[in-house]
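Subject: Handing over the structure

Hi! Here is the structure I promised to pass on to you. Have a look at it first, and then read on for what turned up in it.

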Amino acid sequence: MKELVHKLYEEKKLSPEEFFRLLSDRTEQTEEYAEDLADQVRKENYGNVIFVRGLIEFTNYCRNDCYYCGIRRSNHKALRYRLSLEEILDCCREGYSLGFRTFVLQGGEDGYFARDKMVELIQAVKREYPDCALTLSIGEKSREEYKAYRLAGADRYLLRHETADEEHYRLLHPKELSIARRKECLWNLKKLGFQTGAGFMVGSPGQTAGTLTKDFLFLQELQPQMVGIGPFIPHKDTPFAKEKAGLLRDTLFYLALIRLMLPRVLLPATTALGTIHPEGRELGIRCGANVVMPNLSPSKVRKKYMLYDNKICTGEEGAEGIEDLKKRMEKIGCFITADRGDYKG
């Protein structure tokens with residue numbers, strides 16, 4: 001299998017059959033080779049710089065009912081909240097003072113934050129922080145809405161596709177959602193000039209080497225500027241409460257393959273990775289990741305934005321722990337930067 005890893009490194013692509021073989025028959029030696037090579041590729045493209053993004057989880061209302069998600073509309077135990085414009089700007093002020101130059105507005109698909117309200121919000125953030133990048137992660141919207149957000153000043157958009165396999169998508173989502181619509185949104189975002197992020201859950205119920213092959217082929221086709229992957233972690237108040245979580249080893253291997261396929265991609269070591277292992281994010285960086293996303297959300301709401309159980313939401317992983325984060329990165333020979341951290345096209 002090492003020859004397939006090397007081919008991915010050299011050619012930045014594999015055939016469906018090759019991806020399937022690599023995902024089905026990998027060995028520990030294959031994993032180590034991929035991860036070492038991915039670390040090398042990260043350094044070649046970005047050095048030892050790790051970009052930090054200030055995450056602001058501004059609403060946990062959601063119209064969708066995805067079976068894996070703790071803020072799905074059918075979870076009546078969720079404690080709902082919305083941040084006001086002033087509260088969001090307060091988060092940005094705190095983050096800016098700490099050196100953050102990218103803010104990520106993440107939330108459920110909340111009808112309260114319709115197009116005009118989002119445009120007002122985007123413009124307010126960009127007016128106060130014109131030197132900062134603004135990323136949105138608020139789900140599926142029409143092309144016209146995406147265009148309005150781009151014109152208002154949004155720079156990036158994260159929309160994980162979750163799975164590129166239609167049958168697998170049906171297993172994870174109610175019938176009103178479709179992978180075709182999800183992919184259409186991602187293509188629209190790219191065409192509108194957003195730095196665009198896709199990604200999938202690792203170890204989600206029903207995932208196989210075949211479904212993962214389709215995920216890698218879709219990323220190979222889309223060529224996103226950002227990819228977010230993290231282990232599936234069950235939430236106690238969802239239909240998948242008793243399912244097994246995704247594995248650390250799988251997540252690290254897939255991070256490495258993504259770095260080899262997309263050498264300049266912005267690749268986060270996610271909160272979910274840090275949730276399943278105390279050094280998950282450091283291990284992710286050693287396998288090719290180059291982004292971390294500390295939480296700028298007010299401490300009073302962090303435990304309410306609970307997409308999965310046991311999410312880390314206080315202490316080091318919060319923005320107030322930025323000095324601790326610096327030390328953790330330094331231990332693995334990296335350093336965080338106040339740079340916007342744009343994609344190197």
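Let's start with a quick one: does Arg181 count as buried, partly exposed or exposed? At 27% relative accessibility, Arg181 counts as partly exposed. The cut-offs here are under 20% relative accessible area for buried and over 50% for exposed, with partly exposed in between (1.4 Å probe, protein chains only).

Before the rest, some housekeeping. This is a predicted model, where local features need pLDDT of at least 70 and side-chain atom pairs count only at pLDDT 80 or more, while totals for chains, interfaces and linings use all residues. Residues are numbered from 1 along each chain as its sequence is written, and side-chain values use heavy atoms, leaving out hydrogens and water.

**Salt bridges**

Side chains of opposite charge can pair when their charged atoms come close. A salt bridge here means a side-chain nitrogen of Lys or Arg within 4 Å of a carboxyl oxygen of Asp or Glu. By that rule there are 30 salt bridges.

Arg181 takes part in one of them, with Glu140, at 4.0 Å from N to O. Glu140 sits in the loop between E4 and helix H6 (143-152) and Arg181 in helix H8 (residues 179-191), so this pair ties together parts that are 41 residues apart in sequence. (Helices are DSSP runs of H or I with at least four residues, strands are runs of E with at least two, and both are numbered from the N terminus.) Unlike its partly exposed partner, Glu140 is buried, at 7% relative accessibility.

Next, find Lys300 and Glu87, whose side chains meet in a salt bridge of 3.0 Å, N to O. Lys300 belongs to helix H13 (residues 299-302) and Glu87 to helix H4 (residues 85-98), so the parts that they tie together are 213 residues apart in sequence. Lys300 is exposed at 55% relative accessibility, whereas Glu87 is partly exposed at 23%.

The side chains of Asp342 and Arg156 form a salt bridge too, at 2.8 Å from N to O. This pair links distant parts of the chain, 186 residues apart: Asp342 is in the segment after strand E11 (335-337), and Arg156 is in strand E5 (residues 156-158). Arg156 is buried, at 0% relative accessibility, while Asp342 is partly exposed, at 27%. There is also a network in which salt bridges with shared partners join Arg26, Glu31, Glu35, Arg249 and Asp250.

**The sheet**

Now trace the open sheet: six strands in the order E2-E3-E4-E5-E6-E8, with parallel pairing. Its edge strands, E2 (54-59) and E8 (226-227), each pair on one side only. Two strands count as paired if DSSP finds at least two bridges between them; E3 (residues 102-107) and E4 (residues 133-137) have five, in the parallel sense. Across that pairing, Leu105 stands opposite Leu136 in E4.

**The nonpolar cores**

A nonpolar core is a set of buried Ala, Val, Leu, Ile, Met, Phe, Trp, Tyr and Cys residues joined through side-chain atoms within 4.5 Å. The largest one has 101 residues, of which Phe58, Phe103, Leu136, Tyr149 and Ile258 touch the most other members. Helix H10 (residues 248-261) gives the most to this core, with ten residues. Apart from it lies another core of ten residues, including Val49 and Met226.

**The cysteines**

How many disulfides are there? Zero, with a disulfide taken as a pair of cysteine sulfur atoms within 2.5 Å. For Cys91, the nearest cysteine sulfur is that of Cys92, 6.8 Å away. Cys91 is buried, with a relative accessible area of 4%, and Cys92 is buried at 1%.

UniProt, in an unreviewed entry, places a "binding site" feature at Cys62, Cys66 and Cys69. Its positions are given in the numbering used here, feature names are shortened, and annotations may be inferred rather than shown by experiment. Cys62 is in the loop between E2 and H4, and Cys66 is in the loop between E2 and H4 as well. Leaving aside neighbours within four places in sequence, Cys62 is in contact (heavy atoms within 4.5 Å) with Ile71, Arg73, Arg80, Gly108 and Glu109. On the same basis, the contacts of Cys66 include Arg72, His173 and Leu177. Cys66 is buried, at 11% relative accessibility.

Enjoy exploring!
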